[in-house]
Amino acid sequence: MNRMRPAEIATLSAEHLWLVAVAIFAALVIAAPSAVLLTRRARLRRWTLGVVNVIQTVPSLAVFGFLLPLPLLGGVGKQTAIVALTLYALLPILRNMVVGILGVDPGVRESAVAMGMTSREILWGVELPLAFPTVLAGIRIATVTTIGTATIAAAIGGGGLGTFVFRGIAMADTRTILAGAVPAALMAIVADEVLGWIERRFSS
Amino acid sequence: MATLVEFRGVTYQIGGRQVLCGIDLSVEEGETVVLLGRSGAGKTTLLKMVNRLLEPTAGEVRFEGKRVTEWDPIRLRRRTGYVIQEGGLFPHATVAQNVSLLPRLERWPEERIRQRTTELLDTMGLPEPVYGSRYPRQLSGGEKQRVGIARALAADPQLLLLDEPFAALDPVTRYEMQQRFAQLQQDFGKTALFVTHDIREALMLGTRIALLKEGRVEVIARPEEFVKARSQEARAFLVTLGQMTLDESHATR
């Protein structure tokens, strides 16, 4: 078993990364249009951010559990894991997009309106570029936390590095737990550094 | 001379407060009408009604003879240049990009955009090769303000709307900007509506001064008549001049 570990670590790391990447991408696809809509509707914004906040407070293992019996979204396997991870990634991404767009200097926005830019031109030419560093920060937070949360996906057959962690707990074998935990931690650190570097490049 | 902007009985209320009460005022082509008044007199509110950033509660505003509500707001705003404190420049765009914004949205040919940008920056004393690729945060207050004016002039608007453009500048830079603006008005004769609380600036730049007090026009006069106005509010502004000579105002030109 010791001899096949490096290969298995690589496979499970790749699987882990895949879970995270798909979840972040799905969260982005959902968050982007929603954020733009929410910046235009104050009431809807309060409600939606409230609901998304609540999702965030539910323990992650419980979310996986709740999803299991659901048709379409649920069941045992990767798909359920991705749905849960997406829900988790949604809050930091959505919130930072909203905050980023609303945080644009009112004087800048007003002069854009006064110059005769249409609301679409203002969105693409002013609001989104100025919100970009904040949006990136949200993606970074979401990615790092999702890498951690994704280890729990193994509990419902989602695969990934959590497989080692749960197996190690079951066998009471610290080395097996570490075989999952260390690569996951490294992955989180690398993701944080890389996204942080991109963020700094854009905010200067 | 044709009337470019006309306010008729313009009234504006917000939250039970009467900001403007039945303003009648017109701006003729080629004029620089200064809206003078204390903070809260309603100057900015009145200005924002021209390009429909605000809509009057009662009365109407006409631009080029047509009610502003009948204008497509986008077309209306592209025909009126707008300058605010610090220029309202886009922090993520270079000086050249800021200035060329409107011509670009209007889909001018690339060559003409470049020409126009260079020419305007030159006029404002900001040579394109030096300043074109800088970002607003790399500029001084006066330079930002000049870029703001260049940007407002870019698509050759019929009218300039200026909202205390020089108020945030230090006195020396402000004076330089005022002189530059006066020169610009002499060269191009753009019609302008200029909001200020600075009587000195009003006398220096205005061809007519409309003094606003609590949402009403208290005095409307040419600078040379304004300095003789009997109105209490006008006197209140004039005493702040102290012993200043009026050499540079329209009063003695």
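Helices here are DSSP runs of H or I with at least four residues, numbered from the N terminus. The model discussed below is predicted.

Q: What makes the pattern of chain A read as it does along the sequence?
A: Chain A has eight helices and zero strands. Read along the sequence, the pattern is therefore α-α-α-α-α-α-α-α, with each α standing for a DSSP helix run.

Q: Why is helix 3 of chain A called oblique to helix 4 of chain A?
A: Let's start with the geometry: the axes of helix 3 (residues 60-67) and helix 4 of chain A come within 10 Å and cross at roughly 135°. Oblique covers angles that are not under 35, not over 145 and not from 65 to 115 degrees, so helix 3 of chain A is oblique to helix 4 of chain A. The crossing is right-handed.

Q: Which residues of helix 3 of chain A meet helix 4 of chain A?
A: On the helix 3 side they are Ser60(A), Val63(A), Phe64(A) and Leu67(A). Their partners in helix 4 of chain A are Thr80(A), Val83(A), Ala84(A), Leu87(A) and Tyr88(A). The residues of this contact divide into seven nonpolar, two polar and no charged.

Q: What are the residues with the most contacts inside the largest nonpolar core?
A: They are Leu85(A), Leu35(B), Leu36(B) and Leu193(B), in a core of 117 residues. Helix 4 (residues 78-102) of chain A gives the largest share of this core, 14 residues.

Q: Which residues is Leu85(A) in contact with, leaving aside its neighbours within four places in sequence?
A: Happily, that list is short enough to give: Leu19(A), Ala23(A), Thr146(A), Thr149(A), Ala150(A) and Ala153(A).

Notes
Residues numbered from 1 in each chain as written. Chains lettered and ligands numbered in written order. Predicted model: local features only at pLDDT ≥ 70, side-chain atom pairs only at ≥ 80, totals over all residues. Core = buried A, V, L, I, M, F, W, Y, C linked by C-beta atoms within 7 Å. Buried ≥ 20, exposed ≤ 12 C-beta atoms within 10 Å, placed from the backbone. Helix = DSSP H or I, 4+ residues; strand = E, 2+ residues; numbered from the N terminus. Contact = placed C-beta atoms within 7 Å. Axes fitted to C-alpha atoms, helices over the stretch in contact; angles between N-to-C directions. Left-handed = near helix turned anticlockwise from the far one by under 90°. Nonpolar A, V, L, I, M, F, W, Y, C, P; charged D, E, K, R; others polar.
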